[in-house]
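Hi,

Here is the structure I promised to pass on. Have a look at it first, and then read my notes below.

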Amino acid sequence: MAAGLKGLPGRLLREIGVERLYPTQEEAVKAGILEGESVVIAAPTASGKTLAAMLAAAAALERGAGRVVYTCPLRSIAMEKYRDFGVFERLGFSVKVSIGDYERGIPDAPIVVTTYEKLDSTLRLRPGLASGIGLVIVDEIHYVGDPKRGPVLESLIAKLRVLSKGVQVVALSATIPNAEEIAAWLGARLVKTSWRPVPLHEGVYTGDSIVFYREGGEPWVKEVESVAGNKFADIVAQASNEGGQSLVFVQSRRRAVQLAKQLARSHKHFNYDEQAAREAASSIRRLSIPGPLREELAWLAERGVAYHHAGLGAEARELVEEAFKRGALAAIVATPTLAAGVNLPARRVVVAEYYRFESGYRRPISVAEYKQLAGRAGRPGLDPYGEAVIVPQGGDDPEELVSGYIKAEPEPVVSKMASSSAVRHSVLGLIALGAGGAEFVKLVHRETLYARQHGSLDGAVEAALRDLERLGLVESVGGGRLTVTPLGEVVSRYYVDPASVEVLKILTKVKGDVTDAQILYVIAAMPDMTRLPAGRREGDRLLDRLLDVAPEVFDLMDYVGPEEIATVKTMMVLLDWVNERLDDEIVQDYDVGPGDLASITETARWLAAASAAMAEAMPELGLEVSRRFRLMEKRIRYGVKPELIPLVSIPGIGRVRARRLYEHGYKIPQDLALADPRELARIPGIGPGTVASILEFLGRTGEARRYKAAENAARKGLLAFMDD
């Protein structure tokens, strides 16, 4: 059918070498996706949903429908799809990606790839943007049912459908049993298929074999030879020696590390590219992560195994993913975040754990989550089939796992818009658009999935308006119209939870000057901060230390419970960070991963900037508190004490190098203006590249070039000497 597509869609297919469409894509074309029809595509992983959306984008651009926006829940997905959509650059259309950065909206380009939150916040900054969007591609539409991201996505879609009349919506999902209901909500046609390019076999491990179950057919048995003395190693070894790789899913980071080490001890039974494994280990050893973690991960990689979880940090995760794609790893042991993120399929998916602890209780994962994990099995073009294997836990009956997961339907996607905080956030965003009064706000919320599934949100909207007026974020300007106050504009622009205002007000309790610890406590207590959990013993230790280093923080605390302990732990991590404690020490002392530290500091930086702007608009706090938050934002960005801020603004000068320069008498950039490059190079950690970077920053470009040339000549001479 591909040959029948003309114009830009046909050029797109030729550019990427596609000669024939998958059935999923053919059905989408028949549903009118090229003519501007809204379409929901519910189809398994790797069935061609992304290309169908790209064809819709090509058609929309060709007919001049307006800007194309692709939006998704996670940055990792956004970056992957940005690379996919890069083909449009070769067709003459600029493609931009926009993730994070609380200070900027999405860039101007015909095609923009972004996250739900980024698109929603940008609409608040630039209300006119909505009318210019001709096509919005919503990936992972089932996230409407996610407690955290669902309300943002749901209100975003409702807003776009009201503000951008005629916008084409293409929604994609692999797991969405009530797809008909979602399509009806979006006014879209439905393409629903179970077709996969690689057949999926789902089974349960029984101790010496895997029993696979065919839909509508008899089960069949695949023997598993015991070669490693460990059931998980045996399962991985079998797939490995059949020419496939495995993804082993567990529910906690600690278990991921433990199981990866167990598998590594059986590496002689695995088939993997040992040279590529050594190269991967060498790359891992060059990472800027704590030494013990770096060595542990490299040791595993040399043995064809790795683990993957959010605590690792983005760079380390990317190296693990790349090693897997190159065949260096027989298996990755991962938490479910891998299945929700990048596209990394494997011949065999092993569901090693299907219980997780939530709020102190052990709960089974949902069918939808199991299907998401299982859907990663089978690499198109590489595997003749994919296998998903559940390993029973704690004496569970295999038959119950078959009926409860393999043969079960995923749970319906249900709106999570009911919470008061979600409605408050949505209502403030609408008023910030300057779109009208209470009736308009209610009108938009009548377009939500919640309204279709449960009835009117009018009462919740009225309650939210009362809360926003009480918080001083919204006011009536007559004629039934509402507007945001200066404080409300700040809260909306920085995209923080309106309840942040109440948290910020606890600083009014402070008698005298606000301390660094109190500022960081407020940041850690914000509703948008992901706090670090702490056990009871750790909690006692944290409180003892808090009493020693920052007893004034207790003045801000109403009680001491698990949430307060988590806030204190997060605050203490931030306090150590801005006081230049080494990353390795923070990671080890608080039992957090490098990825956690990066995530916490990034979120804290955003909240510090937002708090500075909010404090400026709050007379009870004022300019001095605002100034302190602005200073703290810079300190969090670089992880330094105040005196190093001028130095870390120089490219290539991080917190460690800045401190060494400072200790050698170079306290501000001007001190470096006349510095002798040879003297700088004698400072530990200040190598030739850093010296050249300093010279270039200070406008000493000629000296930088001569210095680089001299260093290169010296290096070549040394190499020649060593060769002789």
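Let me start with a small spot: serine 476 stands opposite leucine 482 of β19. Strands β18 (residues 474-478) and β19 (residues 481-484) pair antiparallel through four bridges; I call two strands paired if DSSP finds at least two bridges between them. Their hairpin has two residues between the strands, and glycine 479 takes a positive phi near 65° there.

Before you go further, the ground rules. This is a predicted model, so to speak of local features I need pLDDT of at least 70, side-chain atom pairs count only at pLDDT 80 or more, and totals for chains, interfaces and linings use all residues. Residues are numbered from 1 along each chain as its sequence is written, and side-chain values use heavy atoms, with hydrogens and water left out. Helices (H or I, at least four residues) and strands (E, at least two) are DSSP runs, numbered from the N terminus.

Now the sheet. Eight strands make up an open sheet with mixed pairing, in the order β10-β9-β8-β17-β14-β11-β13-β12. Why do β10 and β12 each have one side without a neighbour in the sheet? Because β10 (220-223) and β12 (305-308) stand at the edges, each with a single partner strand. On average, neighbouring strands of this sheet are turned by 25° against each other, direction ignored. Within the sheet, β11 (residues 246-249) and β14 (residues 348-351) run parallel and are joined by four bridges; phenylalanine 249 has valine 351 as its bridge partner in β14.

Helix α9 (residues 231-241) packs on the sheet, and the strands it touches include β8 (200-205), β9 (209-213) and β13 (331-334). Contact means heavy atoms within 4.5 Å. The direction of α9 makes about 170° with that of β14, where axes are lines fitted to C-alpha atoms (for helices over the stretch in contact) and angles run from 0 to 180 degrees between N-to-C directions. Helix α10 (residues 253-264) lies across β11, β12 and β13, and runs at about 175° to β12.

For a helix pair, try α17 (residues 420-432) and α18 (residues 438-445): their axes come within 10 Å and cross at roughly 125°. That makes α17 and α18 oblique to each other (under 35 degrees is roughly parallel, over 145 roughly antiparallel, 65 to 115 roughly perpendicular, and the rest oblique). On the α17 side Ser426, Val427, Leu430 and Ile431 meet Phe440, Val441, Val444 and His445 of α18.

On to the cores: a nonpolar core is a set of buried Ala, Val, Leu, Ile, Met, Phe, Trp, Tyr and Cys residues joined through side-chain atoms within 4.5 Å. Buried means under 20% relative accessible area, exposed over 50%, and partly exposed in between (1.4 Å probe, protein chains only). The largest core has 84 residues, and Leu507, Ile523, Met571 and Met614 have the most contacts inside it. Helix α27 (residues 594-616) gives the most to this core, with twelve residues. A second, separate core of 78 residues includes Phe85, Ile106, Val136 and Leu156.

Last, a pair of backbone oddities. Glutamate 140, although not a glycine, has a positive phi of about 55°; glutamate 140 lies in the loop between β5 (133-138) and α7 (150-163), and counts as buried at 14% relative accessibility. Glutamate 580 has a positive phi near 70°, sits in the loop between α25 (562-578) and α26 (583-590), and is buried at 18% relative accessibility.

Cheers
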